[in-house]
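Open the model in your viewer and keep the selection tool handy. We will go from stop to stop, and at each one you will hear what to pick and what is there.

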Amino acid sequence: MLMTKKIGVSLPDELYEWAAAEVEEGRADSVSGLIADCLQARRARDELESLVADLAAEIGEPDEESRAQFEAAMRVAEEAYRAHLARNAENAA
């Protein structure tokens with residue numbers, strides 16, 4: 001069973017309006033779910049960046065070509081994650 005913690009979150013009006021529109025248009029199940037998805041994506045990105053930093057410390061800084069490949073991979077991963085969220089929203093509807 002997935003454990004959750006109920007908390008209060010304050011958002012700027014424009015972010016709340018965007019999140020509510022995402023829910024209304026079926027791209028998110030709820031504002032809470034959207035916030036959780038965003039936090040999950042941020043955590044995954046931070047963990048990957050930490051891994052890259054550890055590798056750089058161990059084997060040296062990547063050259064420009066390697067850095068460009070990493071950035072391209074991050075863009076593809078973010079696009080895939082957005083597509084995954086969209087499919088989940090479609091399936092929930």
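Start by selecting Glu22, which you will find in helix α1. Is Glu22 buried or exposed? With a relative accessible area of 12%, Glu22 is buried, since buried means under 20%. Remember as you look around that this is a predicted model. Now show what surrounds this side chain: setting aside neighbours within four places in sequence, Glu22 is in contact with Arg27, Ala28 and Leu34.

Add Arg27 to the selection. The side chains of Arg27 and Glu22 meet in a salt bridge, 2.8 Å from N to O. The two partners differ in cover: Glu22 counts as buried at 12% relative accessibility, while Arg27 is partly exposed at 41%.

Next, colour the whole of α1, residues 13-24. Does its length fit a helix, and what span should its 12 residues have? At 1.5 Å a residue they should span 16 Å, and the end C-alpha atoms are indeed 16 Å apart, so the two values agree. Just after this helix, click on Gly26, which takes a positive phi of about 80°.

Step back to the segment before α1 and pick Leu11. Leu11 is partly exposed, with a relative accessible area of 32%. To see its company, select Ile7, Val9, Leu11, Leu15, Tyr16 and Trp18 together and show their surface: they make a nonpolar patch of about 590 Å².

Now move along to helix α2, residues 31-59. Put a distance label between its first and last C-alpha atoms: this helix of 29 residues reaches 42 Å, close to the 42 Å expected at 1.5 Å a residue. Which residues of α2 are buried? They are Val31, Leu34 and Ala56. Show α1 alongside them, and you will see what these buried residues pack against. Leu34 should look familiar, as it was one of the contacts of Glu22.

Stay on α2 and select Arg43 and Glu47. These two form a salt bridge, with their closest N and O atoms 3.4 Å apart. Why are they placed to meet along the helix? Arg43 and Glu47 are 4 residues apart in α2, so about one helical turn separates them. In general, an α-helix has 3.6 residues a turn, so residues three or four places apart point the same way. Switch on the surface here: Arg43 counts as exposed at 57% relative accessibility, and Glu47 as partly exposed at 48%.

For a salt bridge of another kind, select Glu78 and Arg45, whose closest N and O atoms are 2.2 Å apart. Glu78 lies in helix α3 (residues 64-92) and Arg45 in helix α2, so this pair ties together parts that are 33 residues apart in sequence. Both side chains are partly exposed: Glu78 has a relative accessible area of 31%, and Arg45 is at 33%. Before leaving the charged residues, go back to the first stop and add Glu25, because salt bridges that share partners join Glu22, Glu25 and Arg27 into one network. How many salt bridges does the structure hold? The count is 7, if you would like to look for the others.

Now look towards the end of α2 and pick Val52, which lies in this helix. At 27% relative accessibility, Val52 counts as partly exposed. Draw a line from its C-alpha to that of Pro62: the two residues are 10 apart in sequence and 9.1 Å apart in space. Then click on Gly60, just after α2, which takes a positive phi of about 105°.

For the last stop, colour the chain by pLDDT. The mean for the protein chain is 87, and 96% of its residues reach 70 or more. Which element has the highest mean, and which the lowest? Helix α1, where the tour began, has the highest at 95, and α3 has the lowest at 82. As a rule, where pLDDT is low, the predicted coordinates should not be read in detail.

Technical notes: Residues numbered from 1 in each chain as written. Heavy atoms only, no water. Patch = residues over 30% accessible without salt bridge, like charges linked within 9 Å, V, L, I, M, F, W, Y side chains within 5 Å. Areas by Shrake-Rupley, 256 points an atom, 1.4 Å probe, with all protein chains shown as cover. Salt bridge = Lys/Arg side-chain N within 4 Å of Asp/Glu carboxyl O. Helix = DSSP H or I, 4+ residues; strand = E, 2+ residues; numbered from the N terminus. Buried < 20%, exposed > 50% of the residue type's maximum accessible area, 1.4 Å probe, protein only. Expected span 1.5 Å × (residues − 1). Contact = heavy atoms within 4.5 Å. pLDDT = per-residue confidence, 0-100.
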